[in-house]
Amino acid sequence: MKCGGLRSAFIMIKMARALDMKVMIGCMTETSCAVTAAAQLSPLADWADLDGNLLIDNDVYDGLKIVDGKIVLPERRGLE
């Protein structure tokens with residue numbers, strides 16, 4: 001969301017790595033649909049702050065979970 005989407009984020013990560021920079025992925029207060037999408041890039045980051053969906057009580061999606069401080073992606077394909 002902050003950088004214009006997953007493709008833009010991926011390009012930014014590649015550029016940061018080429019410049020020997022560290023990478024952090026974050027989110028805003030948003031549904032688990034958006035946070036789960038961002039989490040797809042988390043293996044490329046040094047830090048991931050993807051808990052925005054935990055700050056709302058009307059999340060209609062069932063996406064990523066935080067278990068013991070770790071991101072756990074849904075086992076099924078896609079988002080519900």
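Helices are DSSP runs of H or I with at least four residues, strands are DSSP runs of E with at least two, and both are numbered from the N terminus. The model is predicted: local features need pLDDT of at least 70, side-chain atom pairs count only at pLDDT 80 or more, and totals for chains, interfaces and linings use all residues. Residues are numbered from 1 along each chain as its sequence is written, and side-chain values use heavy atoms, with hydrogens and water left out.

**Exercise 1. State how many helices and strands the protein chain has, and judge its compactness.**

Step 1. The protein chain holds two helices and four strands. Their order along the sequence is α-β-α-β-β-β.

Step 2. Take the radius of gyration over C-alpha atoms, and compare it with the globule rule, 2.2 Å times the number of residues to the power 0.38. The protein chain has a radius of gyration of 13 Å, close to the 12 Å given by the rule for 80 residues, so it is as compact as a globular protein of that length.

Step 3. Along the principal axes, the C-alpha atoms fill a box of roughly 40 × 25 × 25 Å.

**Exercise 2. Decide whether helix α2 is enclosed or not, and find what covers it.**

Step 1. Apply the cut-offs: buried means under 20% relative accessible area, exposed means over 50%, and partly exposed lies in between (1.4 Å probe, protein chains only). In the protein chain, 28% of the 80 residues are buried.

Step 2. In α2 (residues 32-39), six of the eight residues are buried, so the helix is largely enclosed by the rest of the structure. These buried residues are S32, A34, V35, T36, A38 and A39.

Step 3. Their cover includes α1 (6-18), β1 (24-26) and β4 (70-72).

**Exercise 3. Identify the residues that touch the most other members of the largest nonpolar core.**

Step 1. A nonpolar core is a set of buried Ala, Val, Leu, Ile, Met, Phe, Trp, Tyr and Cys residues joined through side-chain atoms within 4.5 Å. In soluble globular proteins, nonpolar side chains tend to be buried together.

Step 2. The largest core has 13 residues, of which I13, V23, I25, V35, L41 and L50 touch the most other members. The elements giving two or more residues to this core are α1 and α2.

Step 3. Look at V23, with contact meaning heavy atoms within 4.5 Å. Apart from neighbours within four places in sequence, V23 contacts I13, A16, R17, L44, A45, D46 and W47.

**Exercise 4. Classify N53 and N58 as buried or exposed.**

Step 1. N53 lies in the loop between β2 and β3. N58 is found in the loop between β2 (47-49) and β3 (65-67).

Step 2. N53 has a relative accessible area of 8% and is therefore buried. N58, at 56%, counts as exposed.

Step 3. Beyond its neighbours within four places in sequence, N53 contacts E30, T31, S32, V35, D59 and L64. N58 is 27 residues from T31 in sequence and 8.4 Å from T31 in space, C-alpha to C-alpha.

**Exercise 5. Explain why C3 and C27 do not form a bond.**

Step 1. A disulfide is a pair of cysteine sulfur atoms within 2.5 Å. The search of the whole structure finds zero disulfides.

Step 2. The closest cysteine sulfur to that of C3 belongs to C27 and is 12 Å away, which is too far for a bond.

Step 3. C3 is partly exposed, with a relative accessible area of 26%, whereas C27 is buried at 14%.
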